[in-house]
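Biologist: Please put the model up. I would like to go through the cysteines, a helix, the cores and the ligand site.

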Amino acid sequence: MSASDKQARVDELLQALSLDEKLSLCAGQSLWKTKAVERLGIPQFRLTDGPRGVGFHSSGKRCTAFPSGIAQAASWDVELMARFGAALGRECRAAGGRTILGPAINITRTPLNGRTFEYLSEDPYLNSRLVVPIVKAAQEQGVAACVKHFAANNQETNRVRVSAEVSERALQEIYLPAFKAAVEEGDAWSIMAAYNSVNGVPACENADLLKTRLRKEWGFKGFVVTDWFAARGTTSTAACVKGGLSLDMPGKGSRYRFKTLKASFERGEFSESEVDENLRGLLYAMVATGHLDPAPLRGQRNTKAHQLLAREMAEAGITLLKNAGGLLPLDQRRVRKIAAVGPKLKKRNCLPLWGGSAGVWPPYEVTPWQGLRQENRGRFEWVPEPAEADAVLVFVGLSHRPGQDSEVKDRKQLELAAEQEQLIRETVAVNPNTIVVLINGSPVAMPWVNDVPAILECWYPGMEGGAAIARTLFGDNNPSGKLPVTFPRSLRDCSAHRTPKTFPGTRQTVVYEEELMVGYRHFDKRDIEPLFPFGHGLSYTTFAYSEFAASAERLSPTDTLTLSLTVTNTGAVSGAEVVQLYVADHDPGDDRPPQSLKGFAKVQLEPGESRPLTLQLPMADLNVFCPDTNAWRAKPGAYSVRVGSSSRDIRLAADFELSGPA
Ligand code: BGC
């Protein structure tokens, strides 16, 4: 059905619905469902969490637990995200859902945000490129993707009352682009308004966000739903209606409860046509997902194919941070006996509710220990004592507990727990071949980094995680993940942590004083050496970049620069490289970052194989937001295009000149 046919169907429904029926559709009936309008054959519409699989708490069904958001992003794999989106859509449908409450795409402003693990990255370009395929593919399965949390929801501390004080420029350039891409390119049928306020106005009643930007400027056709119970933080029922809020969830006792809404209407605080405008998007999503069709809801969950996809995603996101002396992969010629220790060795991570909307109850979860034994196939011998082993695996990290990687509370510290640090130090003291295997969803400080030869970041890898980790340690998978967030050495180095005003803020406000200097933009600007830079990730093989050519040296704002290069796998095993393209302004001034990500491609190469690669850089992607005129514009001048293996490992560069507008 075309978009105009869907709108025509929505018009018919709006004609047919009585005022009371319309008002009844604006709030949930229960935690996960809207109300039905039986007279018109509109059944209850179910929404389920979340961004890494369908939540048990919202569906009552066991479903496939995929890797969490940051692990998804670490794959830098657009094609994989499309397959994930499709699987997520099928799982949601099989669980009776018509809306999946994800992807979650808030920018990682501080590594302490409790939900960093659920989100994608610190970079608006990377988030944009990853969110679009997820949204499109999920929706092709007849499920509305609910992109969240709109907007500037970058911490859990005081999350329901804090106002993010953020400049128009930082909104435009950092915090909004991925939402915009999800709507404009992905045609997302739903958006979740955040708990927090933005510049003093609660997100759920923020007409500037929900009406002006979302609907008017980006052409959003779907519905805006509150984050759960978020309407409680709004100023009034009428403010929500006028602000552009479609659906209040779960709705009980809240702003859009039928009686409350009706009373406000009767006081003349808003009109029926204002209700129609908000409801239109919900009806649109019902039509678009086939919710009003008599055909039965079909989908698939817990299939072998989804479980294999979960493993493939885990493997694609695992990031090799350090590998001195090529200790990894474990090589039978050098290593016979292995000891595996640490608090994360036998832990499961998918279910706990503190994982919030990312808590999924899969039919099974392969822990690292199970994975190691399952994938070993007689290659290595397990010994209990690190001192007796040829190599030791130390499994440490974080958990979905309040104060770690969890909803509601931010992390307390960047370091791992003191006992874990001590375990690393004690182990390496008795066995120098110590490999630290990290299971966590946000950056950690590593005061022990120079003491250990190898570090493997596995994130929260989902139900097949243990198998993916073991296969990576044994060399059956060559890691190709790249950091989607900077790993700082200490909190002092982070731009959000300059004063309490900038993080965590007061109960009322948190001030985004760092402006555009978020993540690597800040580390580059201040020339701070991170622990591991944005885009970093090693491989068991090596890649050479060569034969670089740029199509032009002088370009106008409407031109596209075409870059060609050759990538060669110069090592002995097959592997994948993420080629990254950054643009550096030669004269960025004080308030602009030295370089920004503007392109990337993941290439799989056999040993010795070379592949020509073409990257397109439309000059329009270099436009910047100009606070004086409140508009995007080309900034004429000299630039470099920099191509490399991380934001700090640039292999090829070329200069070009951008002219002013004609
Ligand atoms: C979270 C959302 C989630 C909702 C429903 C809220 O606490 O912020 O991300 O979708 O609950 O579980």
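Biologist: Is Cys-240 buried or exposed?

Modeller: This is a predicted model, in which local features need pLDDT of at least 70, side-chain atom pairs count only at pLDDT 80 or more, and totals for chains, interfaces and linings use all residues. Residues are numbered from 1 along each chain as its sequence is written, and side-chain values use heavy atoms, leaving out hydrogens and water. Buried means under 20% relative accessible area, exposed over 50%, and partly exposed in between, with a 1.4 Å probe and protein chains only. At 0% relative accessibility, Cys-240 is buried.

Biologist: Why is Cys-240 not bonded to Cys-204?

Modeller: A disulfide here is a pair of cysteine sulfur atoms within 2.5 Å. Cys-204 holds the closest cysteine sulfur to that of Cys-240, yet it is too far for a bond because the distance is 6.5 Å.

Biologist: How many disulfides does the rule give?

Modeller: Cys-92 is also buried, at a relative accessible area of 0%. Its sulfur is 8.7 Å from the closest cysteine sulfur, in Cys-63, so that pair is too far apart for a bond. The disulfide count is zero.

Biologist: Which elements do the buried residues of α16 pack against?

Modeller: Helices (H or I, at least four residues) and strands (E, at least two) are DSSP runs, numbered from the N terminus. Helix α16 spans residues 465–473, and nine of its nine residues are buried. Among them are Ile-469, Arg-471 and Leu-473. They pack against α13, α14, β14, β15 and β16.

Biologist: Which residue just after α16 takes a positive phi?

Modeller: Its phi is about 90 degrees. The residue is Gly-475.

Biologist: Which helix gives the most to the largest nonpolar core?

Modeller: A nonpolar core is a set of buried Ala, Val, Leu, Ile, Met, Phe, Trp, Tyr and Cys residues joined through side-chain atoms within 4.5 Å. The largest has 113 residues, and Val-147, Phe-150 and Val-166 are among those touching the most other members. With nine residues, the top contributor is helix α12.

Biologist: How many residues are in the second, separate core?

Modeller: Its members include Ala-71, Leu-483 and two residues numbered within α16, Ala-468 and Leu-473. The size of this core is 60 residues.

Biologist: How much of the ligand's exposed area does the protein bury?

Modeller: A polar side-chain atom of Asp-49 lies 2.4 Å from a ligand oxygen. For Glu-407 the corresponding distance is 2.8 Å. Taken alone, the ligand exposes 310 Å², by the Shrake-Rupley method with a 1.4 Å probe. The protein buries 91%.

Methods:
Contact means heavy atoms within 4.5 Å. A polar contact is a pair of N or O atoms within 3.5 Å; within protein, one must be able to donate a hydrogen and the other to accept it, and residues adjacent in sequence count only if both atoms are side-chain atoms.
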